[in-house]
Amino acid sequence: MEASCLNRIERTGTRPIRASVFLGLILMLPLGALSQTDARDPAAFQVQVWAASCMACHGPDGRAEGTGLAIGGRPAEELRSKLLGYKTGKLPATIMHQHAKGYSDQELARIADYFSSLK
Ligand code: HEC
């Protein structure tokens, strides 16, 4: 009687542990995928992550057609100087001054190069 009671407690007691090991393995899958990209070229991956936040407004590949916000495929120097203009306050902006201030000048140059390369 006592032994079967213990047995039951042990059995039910291991279930949450097994479930969390299983969940942990599932959660590791996307992380594994990310770290693979990371291993190939971490710098390029970082720029893509930054650019993804811009695409919310500027469209996939920076091509928000019909909004006046298309930045994909434009000359890198033009994009870079606009971003620096927003950062320093030389260019008037409703939103972009806040975004631009979040990046160093070098990071803005890398983001400009990335959008320019999207043909
Ligand atoms: C919340 C929406 C939003 C996000 C996110 C955003 N932008 Fe903008 N962007 C704008 C708006 C609106 C303008 C027009 C200037 C203004 O009013 O701030 C603009 C203007 C620009 C311009 C100048 C375009 C032109 O033709 O003059 C560039 C370049 C630019 N953004 C790049 C970026 C980059 C790079 C990021 C990501 C780091 C980014 N934007 C994130 C909304 C956004």
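Two residues are in contact here if their C-beta atoms, placed from the backbone, lie within 7 Å. Keep that in mind as you look around this predicted model. By that rule, and leaving aside its neighbours within four places in sequence, Ile 111 is in contact with Val 47, Trp 50, Ala 51 and Tyr 103. Ile 111 is a handy place to start, and the points below follow it into a helix pair and a nonpolar core before moving on to a loop glycine and the ligand.

**Where α2 meets α5**

- Helix α2 covers residues 42–58 and helix α5 covers residues 105–117; their axes come within 10 Å and cross at roughly 80°.
- Angles of 65 to 115 degrees count as roughly perpendicular, so α2 and α5 are roughly perpendicular to each other.
- On the α2 side, the contact is made by Val 47, Trp 50 and Ala 51.
- On the α5 side, Arg 110, Ile 111, Tyr 114 and Phe 115 take part.
- Sorted by character, the residues of this contact are six nonpolar, no polar and one charged.

**The largest nonpolar core**

- Nine residues form the largest nonpolar core: Ile 71, Leu 79, Leu 83, Tyr 86, Ala 100, Leu 108, Ile 111, Ala 112 and Phe 115.
- Two elements, α3 and α5, each give two or more residues to this core.
- The biggest contribution comes from α5, with four residues.
- Ile 111 and Phe 115 belong to this core, and both also take part in the contact between α2 and α5.

**Gly 62, a glycine in a loop**

- You will find Gly 62 in the loop between α2 and α3, the latter being residues 76–88.
- Is Gly 62 buried or exposed? A residue is buried if 20 or more other C-beta atoms lie within 10 Å of its own; Gly 62 has 21 such neighbours, so it counts as buried.
- Not counting residues up to four places away in sequence, Gly 62 touches Met 55, Ala 70, Ile 71, Gly 72, Phe 115 and Leu 118.
- Gly 62 and Leu 118 are 56 residues apart along the chain, yet their C-alpha atoms are separated by 7.8 Å.

**Around the ligand**

- The ligand is surrounded by 17 residues, and the closest are Cys 54, Cys 57, Ala 93, Thr 94 and Met 96.
- Elements that give two or more residues to this shell are α2, α3 and α4, where α4 spans 96–100.
- Helix α2 gives the most to the shell, with six residues.
- By type, the shell divides into 12 nonpolar, four polar and one charged.

Conventions
Residues numbered from 1 in each chain as written. Predicted model: local features only at pLDDT ≥ 70, side-chain atom pairs only at ≥ 80, totals over all residues. Axes fitted to C-alpha atoms, helices over the stretch in contact; angles between N-to-C directions. Parallel < 35°, antiparallel > 145°, perpendicular 65-115°, else oblique. Nonpolar A, V, L, I, M, F, W, Y, C, P; charged D, E, K, R; others polar. Buried ≥ 20, exposed ≤ 12 C-beta atoms within 10 Å, placed from the backbone. Core = buried A, V, L, I, M, F, W, Y, C linked by C-beta atoms within 7 Å. Near = placed C-beta within 6 Å.
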